[in-house]
Amino acid sequence: MNANFLSLAIWVPILGAIPVLLLGSERRFLVRWVALAVALAGFAVTLPLYTGFDTTQAGMQFVEQLRWVPRFNLEYLLGVDGISMPFILLNSFITIMVVLAGWDVIEKKQAQYMGAFLIMSGLMNGIFSALDGILFYVFFEASLIPMYLIIGVWGGPNRVYAAIKFFLYTLLGSLLMLVALIWLFLTSGGSANILDWHQLQLGMTPQILIFIAFLVSFAVKVPMWPVHTWLPDAHVEAPTGGSVVLAAIALKLGAYGFIRFSLPIAPDASHYLAPLMIALSLTAVIYIGFVALVQTDMKKLVAYSSISHMGFVTLGFFIFNPLGIEGSLVQMISHGFISAAMFLCIGVMYDRMHSRQIADYGGVVNTMPKFAAFFMLFSMANAGLPATSGFVGEFMVILGAVKFNFWVGMAAAVTLILGAAYTLWMYKRVVFGAITNPHVADLSDIGLREFLILALLAACVLAMGLYPYPFTEVMHASVDNLLKHVAASKL
Amino acid sequence: MLNNFVIPDFYPVAPEIFLLAMSFIILFADLLFSATQRWVASTLTTITLLGCAALTVITADGQTTLTLSNLFVDDLLADFLKLMTYLSVVMVLIYGRQYLVERGLDKGEFYLLVLYATLGMMVMISAASLLTLYLGLELMSLALYALVAIDRDSARATEAAMKYFVLGALASGLLLYGMSMIYGATGNLDIADISQVLYQGQADKTVLVFGLVFIVAGIAFKLGVVPFHMWIPDVYHGAPTVVTMLIGSAPKFAAFAMALRLLVYALFPLVAEWQQMLLIMAVLSIGLGNLAAIAQKNIKRMLAYSAISHMGFMLLGLTSGVIGHEIDPFTAINAYSSALYYTVAYVLMSLGSFAMVLLLSRAGHEAEQLDDFKGLNQRSPWFAAMMLIFMLSMAGIPFFIGFFAKFSVLTAAITAGHVTIAVVAVMFSLVGAFYYLRIIKLMYFDAPAETAPLIATPTFRILLSLNGIAVAAFGLFPDAIMAICTAVLLHSL
C-alpha cells in the first residue's frame, strides 16, 4: 500500500477546511461548493480503505508510522482493523450529508460552520485510526473544540449552557483517561503504542483502576446511564448538522474506546466488572426507553432513543461472545445511519416550522407525502423493523445475550417493544391525524437536495438491513482476535 | 595582595556589559531627542536586546564557564534562558508600543527600567553565588516596582506598586535571611561550594532546613505560588497592561533560574525536604488559582489567577526529579526539563493573551473586563481564532503547546509516583477549562457590545498572528522545544 489513505482521510478534510474558512461567509455560493467538494474528496479517499481491505487479516492494515515526538517516543502511528475501518467510511459519508443539510439553512457564518464540520470529520477519522495512545488522546480531545463551537454558535436558545456542559462533561472523562494513558505509557517502558499496551501484563488492581479511568471517559462519551445527561441538552440545542455528527459518530467514539482500550488492556477487570456494565447497559436500554416515551420534544426523544440504543451496544461488548460484539458493531454503524436520518428528518421539519414540539405538528402527511414516506422508513428502522439495518444489530445482540444469560436477553428484548412504542407513537402524532396547526397546512414537501440526502440514507439503511454480509465480513477476523485477547487472562 | 589580582574573564559577561553600556547611551539619547522622537528610545532598546541576543549566541560555547571570582556562570541553561528573556521582552515592547504612546507612557524611563529589569534577570540567570543572585533579584524587582507605578496619575497602579514593593521587600528579606542561614551552616556563598559542603554532610541540618524554608518562601514569592501569591492579582490588575505583560512573561524565566540555581544546584542534598514543600505549594496553587479565576470579571485578574495555577503546574515538574531517596540523573533531568518546557510554553501563551487585551484596548478605554471580548468573532474572526488558540492552549487542550506542557509535567509527576496528585491536578484543570471556555463563549456565542473595528499597527498584527501560530505549531510539533529544554539541562547540570 503506497498511498497513505489514512493520513489522507484525516488531513484532506482538515486542510480542506482552510480554504473554506478563508473564503469568508460573504461568498456563500463558493463556500458551499468548496465545502461539498472537500467532503466528497474526503469520502473518496476513504473508499480504498474498504476496497483494499484484507478481510482475512486480523491485524492492523494501512499502517503508517512516523516519528512524532522522539523525546517521549510518541509516534504518528495510524492503522485500521475490521473494527475501526467501517467507522472512517461512515464518518466521511455522514460529513457529506452534514454539508448538504446546512446548504441553505445556515445563514450565520456559513464558512465557519462548514469549516468546523470538516475539521471535526478529519479529527474523528484520526481518533478511529490512531494507534498511538497519546495521538489518540490528542485527536479525541481536539474533536471537542469544533463541536463546542458548533453547538454554541449555531445552536438553539439554551446553546451556551448545552455547549459548556458538553465540553466539561467530556473533558472530565478524558482528563482521567490522560492520567491512565500516561501511566500505561510509563508502565510499558515508554511505549505509547496501543498494540504494545494490549500485551502488557497487569495485576488486578491496576487493571481495575485503568478500567475505571477509561470507563469514566468512554461512559460519558457513549453516553451510559447515569452520565448521559449532557446528551439531550447538546442534541436539543445543536443545529441539525451538529446533532447528526454527535449521534452518528461522536457517540461511537466511546464505544470504540471500550473495544480498543478497556477490553484488551484490562481483560480481567472487564470480566470482573461485566455485571456492573451489563446492569448499566440494561438500565440505559429500559429506563431511558421509558424516558424517551414521555418526551414532548422530537429531538429530545431521538436523543434518548440514541442513549437507549447505545446501551445495546455496550451490552453487546460485555457479554463476551462474537455475536454480541459483532452485533454491537453492526448496531453502531446502523445507528449511525438511522440517527443521522432521524435528526435530518426533524431538521427538515424544523427548518420549515421552527418548532420541535410534537404537539405543534399533526397531519404532516397531507402536505409532505414524500417526506412522510422517508420518515416512516427511518422510524421503522429506529424501532428495529426486520429488513432495516436497525434489526440486524439488535437481533444479533439479543441472540448473544440470550446465550449469555436468558434473563439478560429477555430484558434487552424489551427494547424492541419500547423502541417501537416511542418512535411510532411520535410518528403517529407528528405525521398522521388531521391538520390542527395552520402552519402545517402551508408546508411544502422536500426539495431535491433534501430528497437526495434522505434517499441516500434510506438506501444505506435498507442495504444494510437486507444484506449485512459486506459489513460483518470485514469485522470477523478482528472480532475473533479481540475475543481471543479478552479471553486470555493477564493475571 | 596586589599580585594576587587576576583580571577576570569578561568575555562570558559580554551581553550584560553591552546592555549596561547601551542603557547609558539610551539615557542620554533620550535627553537629546525631543518628545516627538520617542521612537528613538524604543528602537534603541530593541536594538540593544537584539545585540544582547547576538552576543549571547556568540559567547555560547556549550561549556560551563565560571568567571568574576566564581560569581558569574555562563552555561547553556543561562544562554537559553537569556535568549528566551530577550525574546519575551522584545515582544512586550512591540506589543506595547501603541498602548504606551496612547497613554503618554512612551517615555525614556520606561525603556530604561525595562532594560534594567532585563539586566537583573540576566544576572539572576547567570548567578553562581548567592550574592549575585540576590543582586540580580533586587535589580529586577526594583525596576519592576517602578514600572508598575510608571503611570503616575493612576491611583490603582500606585496602590499596586506599593503592595508589590512592600510584599516584594518582605520576600527579599526572607530570601536574604535564608541565604544567611545557609551561609552560616556551610560557610560559603558560592553555589558550587555550598553543594560540595552539603555532600560532605558536615553542615548543621537544623540550620540548613530553617534556611531552606526561607529560601523556598522567597522563591515561591517570585514565582507567585500559594501561599505567597497575594500580590499577583493586585499587581496584574493594577499595573498598566504592558507592564502586566512584562511581569507575566520574562521574570518567570528568571524565577525558574533562581529556583533551579538555589534548589537544584546548591541545595540538591536537601531535595527530600524541598520537594515536600514545593509539592504542597504546587497542589495549593493549582487548586486555588483555578478556583479563584472562575470568580473574576476582570480579564487581567483572571489571567493572574491562571498564572498562579500555571506556576503550580510548573512546580509539579520541579518536585518530580527525585523518587524516594534514589537519585537518578535521567529522571531528574526529565522532570526539570518538563518544568522548563512548561515555563517556555506558559510565557508564549501568556504574552499572546495579554496582547489580545492590548489589542482590544484603545486610547481612553482599557479592555479589562471579560465582556470586552463579547462578539469578537464578528469583529475579527482571525483574532478571535488567535484568542481561541491561547485560551485552549492554557486549558491544556491538544493540538496546542499547553497540552504538551501539561503532558510532560504529568508524565514527570507520574514517573515520580505522584499519581494521586496528577489526578488532583487534572481535575483542577477541568475547573480551569471552565473559565477559559467562558472567554471563548463570549467571543463566539455572544453578540458584540460594540462594533468598532480593531485598531492595531501591522507589526502588532503580524507579531500576534505569529505568536498564535507558534502556540499551535509547537503544539503539533512539540519536539523541537522539548529537545532543546532537555539538552540545555543535560549540558548544564
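A crossing of two helices is called left-handed if the near helix is turned anticlockwise from the far one by less than a right angle. The model on display is predicted, and the tour begins with a pair of helices to which this term applies.

**Stop 1: two helices of chain A.** Select residues 322-353 of chain A, which form helix α15, together with residues 448-466 of chain A, which form helix α21. The axes of α15 and α21 lie 10 Å apart and enclose an angle of about 155°. Because angles over 145 degrees count as roughly antiparallel, α15(A) is described as roughly antiparallel to α21(A). The crossing of α15(A) with α21(A) is left-handed.

**Stop 2: the loop after α15.** Select A:H354, in the loop between α15 and α16 (364-367) of chain A. A:H354 is not a glycine, yet its phi is positive, at about 55°. With a relative accessible area of 57%, A:H354 is exposed.

**Stop 3: a strand residue with positive phi.** Next, select A:F62 in strand β1 (residues 61-69) of chain A. A:F62, also a non-glycine residue, has a positive phi of about 55°. The relative accessibility of A:F62 is 10%, so the residue counts as buried.

**Stop 4: a contact across the sequence.** Select A:V474 in helix α22 (residues 469-487) of chain A. A:V474 counts as buried, at 3% relative accessibility. Add A:M85 to the selection: 389 residues separate A:V474 and A:M85 along the chain, while their C-alpha atoms are 8.5 Å apart.

**Stop 5: cis peptide bonds in both chains.** In chain A, select A:V222 and A:P223, which are joined by a cis peptide bond with omega near -15°. A:P223 belongs to the loop between α10 (204-221) and α11 (230-237) of chain A. Then move to chain B and select B:V226 and B:P227, whose connecting peptide bond is cis with omega near 5°. The loop between α8 (205-223) and α9 (231-238) of chain B contains B:P227.

**Stop 6: salt bridges of chain B.** Over all chains, the structure holds 16 salt bridges. Select B:E159 and B:K163, which form one of them with an N to O distance of 3.0 Å. Both residues are in helix α6 (residues 155-186) of chain B and lie four residues apart, about one turn of the helix. B:E159 is partly exposed at 43% relative accessibility, as is B:K163 at 30%. Extend the selection to B:D234 and B:R301, which are joined with B:E159 and B:K163 into one network by salt bridges that share partners.

Now select B:R97 and B:D106, another salt-bridged pair, with the closest N and O atoms 3.0 Å apart. Is each partner buried or partly exposed? B:R97 is partly exposed, with a relative accessibility of 24%, whereas B:D106 is buried, at 7%. For a further pair, select B:E102 and B:R103, which form a salt bridge with closest N and O atoms 3.5 Å apart. B:E102 is partly exposed, at 33% relative accessibility.

**Stop 7: a nonpolar patch.** Select B:L20, B:F24, B:L27, B:F28 and B:L31, which make a nonpolar surface patch of about 500 Å². One member of the patch, B:L31, is placed in helix α1 (residues 14-32) of chain B. B:L31 is exposed, at 64% relative accessible area.

**Stop 8: a distant pair.** Finally, select B:V123 in helix α4 (residues 108-125) of chain B. B:V123 is buried, at 14% relative accessibility. The C-alpha atoms of B:V123 and B:Q276 are 28 Å apart, and these positions lie 153 residues apart along the chain.

Notes. Residues numbered from 1 in each chain as written. Chains lettered and ligands numbered in written order. Predicted model: local features only at pLDDT ≥ 70, side-chain atom pairs only at ≥ 80, totals over all residues. Heavy atoms only, no water. Patch = residues over 30% accessible without salt bridge, like charges linked within 9 Å, V, L, I, M, F, W, Y side chains within 5 Å. Areas by Shrake-Rupley, 256 points an atom, 1.4 Å probe, with all protein chains shown as cover. Salt bridge = Lys/Arg side-chain N within 4 Å of Asp/Glu carboxyl O. Buried < 20%, exposed > 50% of the residue type's maximum accessible area, 1.4 Å probe, protein only. Axes fitted to C-alpha atoms, helices over the stretch in contact; angles between N-to-C directions. Parallel < 35°, antiparallel > 145°, perpendicular 65-115°, else oblique.
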